[in-house]
Amino acid sequence: MKTPPRLEVSELFFSIQGESSYAGQPCVFIRLSGCNLRCRYCDAGYTYEEPGTPRDIGEILSFAGQYPGFPVEITGGEPLLQKNVYPLMEELLKAGRKVLLETNGSINLARVPAGVARIMDVKCPGSNMHEHLKKENLGLLGPGDELKFVLCSRTDYDWAAALIRKTALNKSVTIHFSPVQGELDPARLAEWLLEDRLPVRLQLQLHKIIWPGIDRGK
Ligand code: SF4
């Protein structure tokens, strides 16, 4: 008998979306295990340090089905490392769900099904992972997709601002600048954005404000 397609899952939960333009909305989260990067400030190390639980696509769909009408975010770790994430996205779309994919920018996005909102990180130098960006992904994004720059310092800010000015990415996608908690003061970042009139959104991680110190299931 053929085994149904499975994924290694770190956690499934229903919570308030803390990031992106969907921040503040209740949302279903499918957090997959494994990551190919090691960002210096990572707060989700458990997704690659601990083994995931194998779950078949039917189980995951039925979890999402308990919360009809709400968006479903597939995140990680890095969700595109698992080949069965593609049929999972297809099935969620077929079920009429709004699907958000949060990805670290290091894997080509060409196979992501149309209709999925791609929320891609651009890793800045302070992450120590900025050389892993697949630059071709920037040309694959369009309306409905979003970019997130996580910033540790003024150096990161200048790097990100220069990339946006060079590429005019703000004309095709929504861009978020998010300060690393405890490293970059959000008020500082706000001043820089206003001084430079940079067309991006300042993003604070809402779930960390609501539930400080809790990293899992939120
Ligand atoms: S990509 Fe995300 S999960 Fe992976 S190391 Fe970086 S912050 Fe952590």
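## Working through strand S7 and its surroundings

Glu146, Lys148 and Val150 point one way from S7, while Leu147, Phe149 and Leu151 point the other way, and all are buried. Keep in mind that this is a predicted model.

**Exercise 1.** Work out why S7 counts as largely enclosed by the rest of the structure.

*Solution.* Start with the cut-off: a residue is buried if 20 or more other C-beta atoms lie within 10 Å of its own. Now go along the strand: 6 of the 6 residues of S7 pass, so the strand is largely enclosed by the rest of the structure.

**Exercise 2.** Find which strands pair with S7, and in which sense.

*Solution.* Take S6 (residues 117–122) to begin with: S6 and S7 pair in the parallel sense over 4 bridges. Across that pairing, methionine 120 stands opposite leucine 147. Then try S8: it also runs parallel to S7, joined by 6 bridges. Here valine 150 faces serine 178 of S8. Finally, add the helix: H5 (residues 154–167) lies across S7 (146–151) and S8 (174–179), at about 155 degrees to S7.

**Exercise 3.** Place S7 in the whole sheet and find the edge strands.

*Solution.* Write down the order: S3-S1-S2-S4-S5-S6-S7-S8-S9, an open sheet of 9 strands with mixed pairing. Read off the ends: S3 (53–56) and S9 (201–202) are the edge strands, each pairing on one side only. Helix H2 (residues 57–65) packs on the sheet too, touching S1, S2, S3 and S4 (72–75), and its direction makes about 80 degrees with that of S3. For an antiparallel pair, look at S1 (residues 6–16) and S2, which share 7 bridges. In that pair, glutamate 11 sits opposite arginine 31 of S2.

**Exercise 4.** Pick out the residues with the most contacts inside the largest nonpolar core, then list the contacts of methionine 89.

*Solution.* The core has 38 residues, and the best-connected ones inside it are Ile30, Ile74, Met89, Val99, Leu101, Phe149 and Leu151. Strand S2 (residues 26–32) supplies the largest share, 5 residues. Next, zoom in on methionine 89: leaving aside neighbours within four places in sequence, its contacts are Ile74, Val99, Leu101, Val112, Pro113 and Val116.

**Exercise 5.** List the residues around the ligand and sort them by class.

*Solution.* Gather the shell: Cys35, Leu37, Arg38, Cys39, Cys42, Ala44, Thr47, Gly76, Gly77, Glu78 and Asn104. Sorting gives 5 nonpolar, 4 polar and 2 charged residues. If your polar tally comes up short, check the glycines: Gly counts as polar here.

Conventions:
Residues numbered from 1 in each chain as written. Predicted model: local features only at pLDDT ≥ 70, side-chain atom pairs only at ≥ 80, totals over all residues. Core = buried A, V, L, I, M, F, W, Y, C linked by C-beta atoms within 7 Å. Buried ≥ 20, exposed ≤ 12 C-beta atoms within 10 Å, placed from the backbone. Helix = DSSP H or I, 4+ residues; strand = E, 2+ residues; numbered from the N terminus. Contact = placed C-beta atoms within 7 Å. Near = placed C-beta within 6 Å. Pairing = 2+ DSSP bridges. Axes fitted to C-alpha atoms, helices over the stretch in contact; angles between N-to-C directions.
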